[in-house]
Amino acid sequence: MLKVYPILCRAGIMNNYAYLIIDEKTQTSAVVDPSETLPIIQKCEELKTTPCYILNTHHHFDHTDGNLVLKQKYHCQVVGNIHDSNRIPGLDIGVEPGSTFNIGESTAEIIDVSAHTQGHILWYFPQDKIVFTGDTLFNLCIGGLFEGTVEEMYSALEKIKSLPDDTEFYPGHEYTMHFAKEAQYLLPNSNKLEQYIQRAQQRLSQGLPVAPVTLKFEKECNPYLLAKNLTELKHLL
């Protein structure tokens with residue numbers, strides 16, 4: 001079983017989430033998308049764990065800035081898309097989309113979702129029903145098209161939508177309330193969306209991240225996942 005600890009980074013500026021994940025059986029741990037070092041080091045010390053790996057979803061600085069410092073401190077290995085090896089700082093292990101990678105006894109499937117950036121991947125742990133979506137899927141929104149096309153984003157979202165409904169997703173930023181009004185405008189009579197927003201407000205008021213949310217709930221409330229075809233998605237972008 002994989003235990004997930006969200007870590008807020010760049011608080012009040014970019015509100016990134018890094019994640020410390022621990023395979024409970026072997027106690028092997030890894031950090032997903034280390035945006036900055038201090039909050040991650042503090043969490044590692046709190047949980048008395050030394051990460052073996054850094055898992056990157058994509059190359060943007062606010063997801064990789066901690067790579068080199070953490071690599072030096074913990075002697076861990078940086079893992080990312082082999083096709084983005086020249087842009088991920090300190091990359092040690094290049095993974096091929098369609099392959100798998102183990103954190104102890106927890107196995108991740110590597111899924112290509114090039115759109116936000118070329119080479120963006122999902123880290124999907126099917127046994128634990130967990131997926132780390134980086135900047136492809138946020139709560140109630142999606143990432144911008146920095147390097148890809150609308151067609152590529154549609155394909156990426158279809159891959160996410162094809163995952164089991166009870167999969168819980170962990171995004172790369174806390175943007176929920178920023179995009180809540182847009183979602184309400186696009187889905188004016190959605191009781192599900194109002195439930196989603198109320199839950200989000202409650203969690204945030206308690207100092208908790210909105211994530212994780214099941215893909216089923218997200219697919220009922222996220223206007224971009226509700227797009228039935230490429231034309232509908234284009235109208236939203």
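How many strands form the open sheet, and in what order? I started there, keeping in mind that this is a predicted model.

**Sheet**

I traced 6 strands in the open sheet, running S7-S8-S9-S10-S13-S14, and the pairing came out mixed. Then I looked at the edges: strand S7 (100–103) and strand S14 (213–214) sit there with a single partner strand each, so one side of each has no neighbour in the sheet.

Next I checked S9 against strand S10 (residues 130–134). The two pair in the antiparallel sense, over 3 bridges. Phe-125 stands opposite Ile-130 in S10.

**Cavity**

I went looking for enclosed space and found 1 cavity of 30 Å³ or more. The largest cavity holds about 40 Å³ of space. Its lining is made up of Tyr-17, Tyr-19, Val-32, Asp-33, Phe-132, Thr-133, Gly-134, Tyr-170, Pro-171 and Gly-172. Strand S2 (16–23), S10 and strand S13 (168–171) are the elements that give two or more residues to this lining. Which element gives the most? That is S10, with 3 residues.

**Helix H4**

I compared the length of helix H4 (residues 150–161) with what its residue count implies. At 1.5 Å a residue, its 12 residues should span 16 Å, and the end C-alpha atoms are indeed 16 Å apart, so the two agree.

I then listed the buried residues of H4: Val-150, Met-153, Tyr-154, Ala-156, Leu-157 and Ile-160. Down the helix axis they fall within an arc of 160 degrees, so they line one face of H4. The general rule I had in mind is that an α-helix has 3.6 residues a turn, so residues three or four places apart point the same way.

What do the buried residues of H4 pack against? I found strand S9 (121–125), strand S11 (137–138), strand S12 (141–142), helix H7 (215–221) and helix H8 (230–236).

**Helix H3**

I repeated the exercise on helix H3 (residues 67–74), where Asn-67, Leu-70 and Tyr-74 are buried. Seen down the axis of H3, these buried residues keep within an arc of 75 degrees, so they too line one face of their helix. Leu-68 and Gln-72 are exposed on the other side of H3.

For the packing of H3, I noted that its buried residues contact helix H1 (38–47), strand S4 (53–55), helix H2 (61–64) and strand S5 (77–81). One last backbone item: just after H3, His-75 has a positive phi of about 55 degrees.

Key
Residues numbered from 1 in each chain as written. Predicted model: local features only at pLDDT ≥ 70, side-chain atom pairs only at ≥ 80, totals over all residues. Heavy atoms only, no water. Helix = DSSP H or I, 4+ residues; strand = E, 2+ residues; numbered from the N terminus. Expected span 1.5 Å × (residues − 1). Buried < 20%, exposed > 50% of the residue type's maximum accessible area, 1.4 Å probe, protein only. Arc of directions from axis to C-beta. Contact = heavy atoms within 4.5 Å. Pairing = 2+ DSSP bridges. 1 Å grid on protein atoms, 1.4 Å probe; cavity = no way out; pocket = protein on both sides within 12 Å on 5 of 7 lines; lining within 4 Å. Points joined across faces, edges and corners; volume = space filled by probe spheres on them.
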